[in-house]
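Subject: Structure handover

Hi,

Here is the structure I promised to pass on. Please load it first, then read my notes below.

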Amino acid sequence: MELVVSSELEAQRSVAPERAPVGSAREQAFVDLTRLAATLLGAPIVLLALADDGSSRFEAGVGLDVADAAHYLSFCTSVLERVEPLEHGDLAGDPRFAAHPLVAAGPRLRALAAAPLPGEGGRALGVLCVLDVVPRRFGEDQRRGLQALARQAAARLELDRRERELAEQRADLARARDEAVTFARAKDVFLANMGHELRTPLNAILGCAELLREEATAAGLGRLLPDIQTVDRSGRHLVAVIDDILDLARLDAGVPQLRREPVAVAPLAEEMEAAVRSQLRGKPLRWRLALESGLGDITTDATKLRQILLNLLSNAIKFTARGEVELAVRVAREGDREFLAFRVADTGIGIAADKLSLLFREFSQVHDPRHGYGGTGLGLAISRRFARLLGGDILVDSELGRGSRFTLLLPRGESPHEAPPRRD
């Protein structure tokens, strides 16, 4: 096997490992490895060189002056090119090497044993080279030991490569986190502005619509009332849309804070009729309230509970042209835990079985909006998230053309971390 003095390599190798910083753990590991190789093979000179963009570079060594290390690198070239061990017992007796300056003159090198550092794809990451100043043959155990040390050096380089990749990934994650924080702040500013800039004029419009309705009624201008009611209805719809989006944003940001307090269940349920009375007006619907005796109190967030019930009742009224809307409340038990079940039932259009899975998805609507059923598709999604925030859930049972039944299950006491079984 010919020893090539040129620093140019014919074979293309993997990206060169970065030079180890002075005093680094890797530098010390390579120094220790070359010392071990010198002891194992009983040789005065050991050189560890790494592949470096088509040539080799000195990384660590024993028994040679670092300033002159470049002169020794030519002994590594053949090993890097052919990715196989190289051994010579007497370099001076071989005409291919006898003229090399380090063989013909000081330090008069004679014996050589070298092993490649194996890399991916059969490429050499570097070479561990042992040199002696006397002719000799290396034993089989020494050859195997040299190759084992070369593998250890390659493993160290692979470890460094993975650490660099992890550092880059951490840097990318840090940048992504900073961008996410910036985006979240921008979103918060946008939502705050939207809440103020849109709701303020909308509330003014609703107030004006109310005044116009009163004045038109007083002046006997009944023909104007339908137009005024359209303005009022559209304005309230926009306010509801804004409220839904703001609620969703607060939930995504983890902002909602619960204010748990004892709430009398029967009076709260009775309030619901007054809350939806305006929606019932003008529709051939019966309102039915069915309360089990002895309901007592529930410890929960009263505002969130009212919001969930109003959403369920509003949907029931919207999707029921005639018949009945019922709010029933009873006590339910799951093992040794006690829940209150608020059931909202209607005799409306119902929901197809294949659409039930879409009910609680954000911005999803199960009914064709062309049939006049508007909305953002957020109400039920937000209601279920509120219910689960309160430690409960919303269950649904529906049949197309025969109505729907939504049941809100909430624990009677404070147990936000334990919810009843979910049937998603």
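**Helix α8 and what surrounds it**

Within α8, the buried residues are Gly379, Leu380, Ala381, Ile382, Ser383, Arg384, Phe386 and Ala387. That is eight of the eleven residues, so the helix is largely enclosed by the rest of the structure. Keep in mind that this is a predicted model.

What comes just after α8? Glycine 391 does, with a positive phi of about 90 degrees.

α8 also lies across two strands, β11 and β12. Its direction makes about 135 degrees with that of β11.

**The α7/α8 pair**

Two packed helices are described by the angle between their axes and the distance between the axes. For α7 (residues 302-318) and α8 (residues 379-389), the axes come within 10 Å. They cross at roughly 145 degrees. The crossing of α7 past α8 is left-handed.

Which residues meet there? From α7 come Lys304, Gln307, Ile308, Asn311, Leu312 and Asn315. From α8 come Gly379, Leu380, Ser383, Phe386 and Ala387. By type, the contact residues split into five nonpolar, five polar and one charged.

The α8 side of this contact overlaps with the buried list: Gly379, Leu380, Ser383, Phe386 and Ala387 meet α7, and each is buried.

**The sheet**

The sheet is open and has five strands. Their order is β7-β9-β10-β12-β11, and the pairing is mixed. β7 (285-291) and β11 (393-399) stand at the edges. Each has a single partner strand, so one side of each is left without a neighbour in the sheet. On average, neighbouring strands are turned by 15 degrees against each other, direction ignored.

β7 pairs with β9 (residues 323-334) in the parallel sense, over seven bridges. One pair to look up: leucine 289 has leucine 327 of β9 as its bridge partner.

α7 packs on this sheet. It touches β7, β9, β10 (337-346), β11 and β12 (403-411). The direction of α7 makes about 30 degrees with that of β10.

**Elsewhere in the chain**

The unreviewed UniProt entry annotates residues 150-179 as "coiled-coil region". How much of that stretch is helix in the model? Residues 150-179 are 100% helix and 0% strand. The end C-alpha atoms of the stretch are 43 Å apart.

Best wishes

Methods:
Residues are numbered from 1 along each chain as its sequence is written. This is a predicted model: local features need pLDDT of at least 70, side-chain atom pairs count only at pLDDT 80 or more; totals for chains, interfaces and linings use all residues. Side-chain values use heavy atoms; hydrogens and water are left out. Axes are lines fitted to C-alpha atoms, for helices over the stretch in contact, and angles run from 0 to 180 degrees between N-to-C directions. Helices (H or I, at least four residues) and strands (E, at least two) are DSSP runs, numbered from the N terminus. A crossing is left-handed if the near helix is turned anticlockwise from the far one by less than a right angle, and right-handed if clockwise. Contact means heavy atoms within 4.5 Å. Ala, Val, Leu, Ile, Met, Phe, Trp, Tyr, Cys and Pro count as nonpolar, Asp, Glu, Lys and Arg as charged, and the others, Gly among them, as polar. Two strands pair if DSSP finds at least two bridges between them. Buried means under 20% relative accessible area, exposed over 50%, partly exposed in between (1.4 Å probe, protein chains only). UniProt positions are given in the numbering used here, feature names are shortened, and annotations may be inferred rather than shown by experiment.
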